[in-house]
Amino acid sequence: MKPVDGVARIVENIDETAAMFSEPKITAVGIPAVLNSLKVTTAQMGPTRTARTLLRINQKDGFDCPGCAWPEGKHRSPAEFCENGAKAVAEEATKRRIPPSFFAEHSIEELRTWDDYSLGQQGRLTHPMLLDEGGTHYRAVSWDEAFDIIADEFAQMSTPDEAIFYTSGRTSNEAAFVYQLFVRGLGTNNLPDCSNMCHESSGSALGETLGIGKGSVSLEDIHEADLIIIAGQNPGTNHPRMLTALEKAKINGGKIIAVNPLPEAALMRYENPQTVRGMVLGGTALNDLFLQIKLGGDQALFQALGRILLDAEEANPGTVFDAEFIAAKTEGVDAYLESLRRLDWSEVETATGLAEAEIREAGEMLLASKSTIVCWAMGLTQHKHSVPTLRDCVNLLLLQGNIGKPGAGVCPVRGHSNVQGDRTMGIFEKMPESFHDKLDAEFSFASPRKHGYDTVEAIRAMRDGKARVFMAMGGNFSRATPDTAVTEAAMESLALTVQVSTKLNRSHVATGRRALILPTLGRTERDRQAGGTQRVTVEDSMSAVHASRGRLEPASDELLSEVAIVTMLAERVLTRSRPNVPQVNWAELRADYANVRASISRVIPGFEDFEARIDEPGGFILPNGPRDGRDFSNIGGTAKFTVNELEFPLVPEGRLLLQTLRSHDQFNTTIYGKDDRYRGVKSARRVVFVNEADARDLGLADGDHVDIVSEWPGRDGTLEERRSERHRIVFYSTPRGCVAAYYPETNVLVPLDSTADVSNTPTSKSVIVRLEKVQS
């Protein structure tokens with residue numbers, strides 16, 4: 001067994017001597033969430049700025065929260081935000097600044113030893129900064145110099161495919177549209193984005209079976225559902241505003257099944273801080289049934305539930321299946337039902353870790369439901385067999401006609417606030433031909449049709465010397481991606497890395513031979529251009545598009561908006577001397593974003609009369625065939641039942657299956673603090689949650705320190721190992737054989753070549769590991 005090259009490059013501060021541990025919580029939100037929100041926001045913004053800012057979050061005349069993509073209702077609270085949303089806004093609207101003098105005081109080598117929390121806490125970036133080749137410190141440069149450096153590097157490429165353009169889900173629709181236009185004008189479709197690492201499996205499965213890679217439910221559907229199955233998702237930390245919708249569903253008589261390897265406090269009891277019920281009467285118990293499933297066992301569960309429906313239908317024909325819907329709107333049901341008849345219940349129990357009786361209890365709830373929604377997140381999308389798992393989820397819903405009717409459907413819950421909108425705008429390495437045709441007609445050029453790199457392919461291209469320049473529109477690529485050591489080594493092989501950012505992160509210190517930091521406006525800030533103060537738009541997780549307007553003064557006079565950065569760069573690069581470029585006045589797009597939206601309205605279906613429709617309070621809803629009229633014309637007119645071979649992870653003796661996960665004090669790679677209040681962790685991140693019986697079998701005790709070592713067959717056939725050092729064991733309620741630890745610290749353990757079939761998503765929820773005890 002050999003270590004992967006570059007593991008020693010990952011150096012972090014792992015001193016957690018102040019760590020404390022207590023019993024996990026069994027309730028979520030309530031007064032502690034309110035107090036913690038105020039503590040964080042006042043520390044970052046001060047009391048006056050806190051009040052001015054928080055009351056604008058997710059309001060119809062305010063700005064969209066950068067924290068998550070959960071939609072807002074028609075009737076909004078004056079405090080339409082959650083604890084993590086408040087933290088996200090506080091970090092963007094902070095009074096802390098990182099002037100050029102900061103970089104003069106701190107070398108790149110020093111900053112590489114800082115952990116993610118320390119880097120993020122320094123505040124807002126204020127000036128364009130350049131790290132020269134061989135340099136030890138970033139230095140300030142002008143915007144003109146920065147754009148010239150990028151243009152010069154592009155000019156030295158032998159092919160446009162040597163450039164890679166990453167996008168974070170916080171980018172607005174307008175910025176995303178001009179970004180993809182610039183990239184395609186340059187001549188490449190290398191547009192990897194954060195979707196490749198999270199919900200790509202969802203898009204793949206839903207596109208194949210329903211004809212559109214988006215969810216099919218509205219917020220009102222959540223409220224009206226008879227049954228909601230929440231699988232592989234922790235709303236209390238990742239999407240806390242979802243809890244209010246679930247509470248309404250419960251009050252309306254709905255039932256909830258939670259399917260997850262870890263018990264999550266928010267799905268046990270929710271104390272809504274904006275109601276008497278939540279603050280005085282003890283809140284609302286949410287889940288009616290908790291299925292503590294093994295990692296990767298969800299496909300077996302969906303197939304078993306399908307078998308229960310089949311048995312009930314055959315026992316009482318015409319009482320379970322929606323025969324009319326199946327006959328008129330679907331195909332492939334007979335082959336699917338035949339596959340269910342071959343299901344082996346002993347194999348289901350092995351895959352899920354659940355007793356047959358537990359699954360049958362869930363089946364009874366499904367049989368009693370007239371309208372069912374399945375919600376999911378990364379727990380379902382980041383396995384080798386994620387796409388088949390989600391196909392089987394769709395199969396289950398199709399049997400009872402639970403697509404395109406009130407209170408029913410599929411609900412992939414997105415993370416970043418505009419990750420769905422970015423994809424709609426064309427941030428995708430393989431957009432359909434129809435998109436290219438309309439883009440070409442609008443801008444009188446021939447956009448490249450050869451598919452580009454997704455995120456994993458982009459890292460491989462950098463690793464293999466096929467790329468020269470990397471540019472990121474937001475995000476923290478180094479820490480969001482798998483196989484951290486390999487990724488950072490790949491980044492360091494490039495001629496130039498460019499990061500468009502609001503705050504400092506690890507990607508600013510894992511650089512190419514030269515590196516640029518381009519500071520940009522945040523959602524909370526006023527965006528003044530030649531045509532006046534601008535607004536942008538976003539698309540939430542349920543296809544609602546609405547405007548967002550920042551109100552705060554920018555953190556620095558040197559900041560440019562993302563739209564301005566892209567269009568000014570395009571003016572430098574896409575000159576008349578370059579053939580086949582979009583015919584567009586970039587300055588006009590920059591001066592007034594209404595001009596961007598006018599082009600969007602002609603290129604992308606559903607955005608007709610874009611400008612007028614975002615004047616309406618709350619914006620508008622994009623068309624969705626399966627939701628709007630059970631229309632599956634995108635895939636030939638019928639939804640598709642599929643036959644999927646049952647898969648689940650097989651773990652060798654003495655090994656465990658690791659899932660990476662968030663703590664409560666983080667959003668994706670942004671670390672707000674080192675506490676995980678609901679899991680009973682304080683002042684620590686390097687922990688590993690282990691079933692007590694598994695630990696005893698391995699000769700380990702609660703409080704022991706271990707290295708987590710992942711094992712993966714390398715490209716040369718030998719077994720590779722990756723190591724994340726010194727994690728404290730915490731006994732926790734997990735299924736036997738399953739452990740959990742926080743990312744991004746454990747992303748180093750996820751092999752670059754371990755990806756989901758079809759979607760190529762990293763398998764961050766099923767990593768085979770061993771635990772090696774180290775001295776305390």
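## Strand S30 and its partners

Two strands are counted as paired if DSSP finds at least two bridges between them. In this predicted model, strand S30 (residues 687–690) and strand S32 (residues 719–731) are joined by 4 bridges and run parallel. One of the residues involved is Val690 of S30, whose bridge partner in S32 is Phe731.

S30 also pairs with strand S33 (residues 738–742), here in the antiparallel sense and over 3 bridges. In this pairing, Phe689 stands opposite Ala740 of S33.

## Burial of S30

Strand S30 is covered on both faces. Val687 and Phe689 lie on one side, Val688 and Val690 on the other, and all of these residues are buried. Phe689, the residue opposite Ala740, and Val690, the bridge partner of Phe731, are thus on opposite sides of the strand.

## Helices H7 and H26

A separate part of the model concerns two helices. The axes of helix H7 (residues 143–155) and helix H26 (residues 562–573) come within 9 Å and cross at roughly 55°. Because of this angle, H7 is classed as oblique to H26. The crossing of the two helices is right-handed.

On the H7 side, the contact is made by Trp143, Asp144, Phe147, Asp148, Ile150, Ala151 and Phe154. These residues meet Ile565, Met568, Leu569, Arg572 and Val573 of H26. Sorted by class, the contact of H7 with H26 comprises 9 nonpolar and 3 charged residues, with no polar ones. The charged residues are Asp144 and Asp148 in H7 and Arg572 in H26.

Key. Residues are numbered from 1 along each chain as its sequence is written. This is a predicted model: local features need pLDDT of at least 70, side-chain atom pairs count only at pLDDT 80 or more; totals for chains, interfaces and linings use all residues. Side-chain values use heavy atoms; hydrogens and water are left out. Buried means under 20% relative accessible area, exposed over 50%, partly exposed in between (1.4 Å probe, protein chains only). Axes are lines fitted to C-alpha atoms, for helices over the stretch in contact, and angles run from 0 to 180 degrees between N-to-C directions. Angles under 35 degrees count as roughly parallel, over 145 as roughly antiparallel, 65 to 115 as roughly perpendicular and the rest as oblique. A crossing is left-handed if the near helix is turned anticlockwise from the far one by less than a right angle, and right-handed if clockwise. Contact means heavy atoms within 4.5 Å.
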